[in-house]
Amino acid sequence: MRTFVTVAVLTAAIAAAVPTSAAALSLNERLKNASTVQVNQVPPSGASLLGRVQQFQNGDSLIRVGEGEGEPLVLTLCNGKAHMNLDASWPGAPAARTQEEKQMRAYGLYMAVMGGMAMAQSIAGDTLELPAEGQASTVQRETPWAYGKEQYAVTVSNRTDGELRIRVAKTGNTTRTPSSGPDDIVSTDDDKAARLAELEPVGTSRELVISAAPKVASVPDDMSLKGWMSASGKGGATVGAARKASGDCAR
């Protein structure tokens, strides 16, 4: 298993057009410095997925899924190799009995959380300008697909406590390619319909919440890792034991 990458590596900057008096911000720096980055992904129907990445002063990072404190999913110690909770699950996640099935389920949850963050950021854009403190602004964005554009509304909220919220909601699809002719063997109507069916449903939304709170020093050494799997094969019953076994920020 490859080493997992923290949110600061996977992220791109986010853009939202706001009044010219708004302050510009490097979102990449904000993400690096954030103690917690949360993403709530809500489909038009079915179970939503709430994930959060907590980043620590010493380079530790912990991904959780679920409401409240959430269930720990992936732990990275001091930017080292990852440790994965094979018992982590979520409503709608596949049942898993074998070790391999549990590993695939946990990895799928990890990809869903991190992929959702990356997708929201990609749709919103490359740079971010904040609305005034306590205010929100909404702009329209489009991303290309094979036969047209996907349309989104991007709302940026700059809370008075410093928390930043970016909500990306899909509002529609456009199709610009004309109907295919009898000699068209590439852009056929059937291909167009198949590609359209692969797109996310209209009404899907993702909200990123970037905390302004300071980072905690590190993941506690007494946190249990029972049932977890280490990418390096050098895990432990607790975080402290895993640090010593892997050599990642051992104390």
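**Figure 1. Confidence across the predicted chain.** The mean pLDDT, the predictor's confidence in each residue on a scale from 0 to 100, is 84 for the chain, and 84% of its residues reach 70 or more. Over residues 1-21 the pLDDT is below 50, and this stretch has 71 contacts in the model beyond near neighbours in sequence; contact here means heavy atoms within 4.5 Å. This is a predicted model, so please keep in mind that local features need pLDDT of at least 70 and side-chain atom pairs count only at pLDDT 80 or more, while totals for chains, interfaces and linings use all residues. Residues are numbered from 1 along each chain as its sequence is written, and side-chain values use heavy atoms, with hydrogens and water left out.

**Figure 2. The chain as a whole.** The chain holds 5 helices and 12 strands; these are DSSP runs numbered from the N terminus, with helices being H or I of at least four residues and strands E of at least two. Of the 251 residues in the chain, 43% are buried, where buried means under 20% relative accessible area, exposed over 50% and partly exposed in between, with a 1.4 Å probe and protein chains only. Among contacts with a separation of 6 or more, 58% come from residues 24 or more positions apart.

**Figure 3. An open sheet of 10 strands.** The strand order is β8-β9-β10-β11-β2-β3-β4-β5-β6-β12, with antiparallel pairing; two strands pair if DSSP finds at least two bridges between them. At the edges stand β8 (135-145) and β12 (228-230), each with a single partner strand, so one side of each is left without a neighbour in the sheet. On average, neighbouring strands of this sheet are turned by 20 degrees against each other, direction ignored; the axes are lines fitted to C-alpha atoms, for helices over the stretch in contact, and angles run from 0 to 180 degrees between N-to-C directions.

**Figure 4. Strand β2 and its two neighbours.** Take a look at the side chains along β2 (residues 36-42), which alternate: Val37, Val39 and Gln41 are buried and point to one face, whereas Thr36, Gln38, Asn40 and Val42 point to the other and are not buried. Antiparallel β3 (residues 49-55) is joined to β2 by 6 bridges, and glutamine 54 of β3 is the bridge partner of threonine 36. In the hairpin of β2 and β3, with 6 residues between the strands, glycine 46 takes a positive phi near 95 degrees. β11 (residues 205-210) also runs antiparallel to β2, joined by 6 bridges, and here glutamine 38 has valine 209 as its bridge partner.

**Figure 5. From β3 across to β4.** Strand β4 (residues 61-65) pairs with β3 over 5 bridges in the antiparallel sense. One pair to look for is arginine 52 with its bridge partner in β4, arginine 64.

**Figure 6. Two successive hairpins, β8-β9 and β9-β10.** β8 pairs with β9 (residues 148-158) over 11 bridges in the antiparallel sense. The hairpin they form has 2 residues between the strands, and tryptophan 145 finds its bridge partner in glycine 148 of β9. β9 goes on to pair with β10 (residues 164-175), again antiparallel, over 11 bridges. Valine 154 stands opposite valine 168 in β10. This hairpin of β9 and β10 has 5 residues between its strands, and glycine 162 in the turn has a positive phi of about 95 degrees.

**Figure 7. Helix α3 and valine 113.** At 1.5 Å a residue, the 26 residues of α3 (residues 99-124) should span 38 Å, and the end C-alpha atoms are 38 Å apart, which agrees; the expected span is 1.5 Å times one less than the number of residues. Buried residues of α3 include Leu109, Tyr110, Met114, Met117 and Ile123. Valine 113 lies in this helix and is buried, with a relative accessible area of 0%. Leaving aside residues up to four places away in sequence, valine 113 touches Val39, Gln41, Leu49, Gly51, Ile63 and Val65. Its C-alpha is 5.6 Å from that of glycine 51, although the two are 62 residues apart in sequence. Glycine 125 follows α3 with a positive phi, near 130 degrees.

**Figure 8. Helix α5 and its cover.** In α5 (residues 239-246), Val239, Gly240, Ala242, Arg243 and Ser246 are buried. Seen down the axis of α5, these buried residues fall within an arc of 165 degrees, so they line one face of the helix; the arc is that of the directions from the helix axis to the C-beta atoms. β5 (71-76) and β6 (82-85) are among the elements that cover the buried residues of α5. After α5 comes glycine 247, with a positive phi near 80 degrees.
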